[in-house]
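Please study the sequence and the structure shown below before attempting the exercises. Each exercise is followed by a worked solution.

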Amino acid sequence: LLELHQVRRILEPEATRLATPRLTDDDLARLEDCLRQMDVENSAQPFIEADTAFHGVILDACGNPTLASLIQNLSSGTLRARMWQALVGEGAVEATRASHRAIYDALLARDANRAAAADLMHLAIAEEWLRQLLDDAETPSS
């Protein structure tokens, strides 16, 4: 699971960088709708669906269907971990909302480097949570 996430962290920011100049006004409106949905959802499943849709808009615009497909497959492999994080991770939902807002703001500004960096930070935060969860699971309780 951690390896899947690491590969996603390598690929997804580049897809975001590629998508930045290609996003249409309709795409940006769809991203904003996803953010609004994430703001109002209190349960994990609809929240993750809005998260997935947000990244789907970006992947659709990246101009490289092979890259988009790879990332979608990697992302689906980490779905259960993301659901678990949304349910039990302290501050996880708020951090995810803030990360998505940072990505959106950079995309709206058409700043490809900032958008890629925001996506990288978003993924790094989630990866750190996952790494800590795995470390805690391996540590015997006394």
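The exercises below proceed from the whole chain to its helices and then to single residues.

**Preliminary notes.** The model is predicted, so that local features need pLDDT of at least 70 and side-chain atom pairs count only at pLDDT 80 or more, while totals for chains, interfaces and linings use all residues. Residues are numbered from 1 along each chain as its sequence is written, and side-chain values use heavy atoms, with hydrogens and water left out.

**Exercise 1. Describe the chain as a whole and the confidence of its prediction.**

Step 1. Helices (H or I, at least four residues) and strands (E, at least two) are DSSP runs, numbered from the N terminus. The chain has seven helices and zero strands, and along the sequence its pattern reads α-α-α-α-α-α-α.

Step 2. The predictor's confidence in each residue is given by pLDDT, from 0 to 100. Over the chain the mean pLDDT is 88, and 88% of the residues reach 70 or more. Confidence is lowest in helix α5 (residues 79-88), with a mean of 60, and highest in α2, with 97.

Step 3. A residue is buried under 20% relative accessible area, exposed over 50%, and partly exposed in between (1.4 Å probe, protein chains only). Of the 142 residues in the chain, 43% are buried.

**Exercise 2. Compare the spans of helices α7 and α3 with the expected values.**

Step 1. The expected span of a helix is 1.5 Å times one less than its number of residues.

Step 2. Helix α7 (residues 112-138) has 27 residues and should therefore span 39 Å; its end C-alpha atoms lie 39 Å apart, in agreement with this value.

Step 3. Helix α3 has 18 residues, and the distance from its first C-alpha to its last is 26 Å, close to the 26 Å expected. Just after α3, G63 takes a positive phi of about 85°.

Step 4. Both helices contain buried residues. Those of α7 include A115, H122 and W129, and those of α3 include F47, F54 and I58.

**Exercise 3. Determine how the helices of three pairs are oriented to each other.**

Step 1. Axes are lines fitted to C-alpha atoms, for helices over the stretch in contact, and angles run from 0 to 180 degrees between N-to-C directions. Angles under 35 degrees count as roughly parallel, over 145 as roughly antiparallel, 65 to 115 as roughly perpendicular and the rest as oblique.

Step 2. Helix α1 (residues 2-19) and α7 pack at an angle of about 170°, with their axes 8 Å apart. The two helices are therefore roughly antiparallel to each other. The residues of this contact divide into 11 nonpolar, four polar and seven charged. Here Ala, Val, Leu, Ile, Met, Phe, Trp, Tyr, Cys and Pro count as nonpolar, Asp, Glu, Lys and Arg as charged, and the others, Gly among them, as polar.

Step 3. The axes of α2 and α3 come within 8 Å and cross at roughly 165°, so these helices are roughly antiparallel to each other. Their crossing is left-handed, a term used if the near helix is turned anticlockwise from the far one by less than a right angle (right-handed if clockwise).

Step 4. The axes of α2 and helix α6 (residues 92-108) come within 11 Å and cross at roughly 165°. Therefore α2 and α6 are also roughly antiparallel to each other, and α2 passes α6 in a left-handed crossing.

**Exercise 4. Locate T20, N42, D27 and A95, and classify each as buried, partly exposed or exposed.**

Step 1. T20 is in the loop between α1 and α2. Its relative accessible area is 1%, so T20 is buried. T20 and I58 are 38 residues apart in sequence and 8.0 Å apart in space, C-alpha to C-alpha.

Step 2. N42 belongs to the loop between α2 (25-40) and α3 (44-61). Because its relative accessibility is 76%, N42 counts as exposed. Between N42 and V93 there are 9.0 Å in space, C-alpha to C-alpha, and they are 51 residues apart in sequence.

Step 3. D27 has its place in helix α2 and counts as buried, at 12% relative accessibility. D27 and D60 are 33 residues apart in sequence and 9.3 Å apart in space, C-alpha to C-alpha.

Step 4. A95 lies in helix α6 and counts as partly exposed, at 30% relative accessibility. A95 and H122 are 27 residues apart in sequence, and 8.4 Å apart in space, C-alpha to C-alpha.

**Exercise 5. Describe the backbone and the surroundings of R110.**

Step 1. Most residues other than glycine have a negative phi. R110 has a positive phi of about 60° although it is not a glycine.

Step 2. R110 lies in the loop between α6 and α7 and is partly exposed, with a relative accessible area of 35%.
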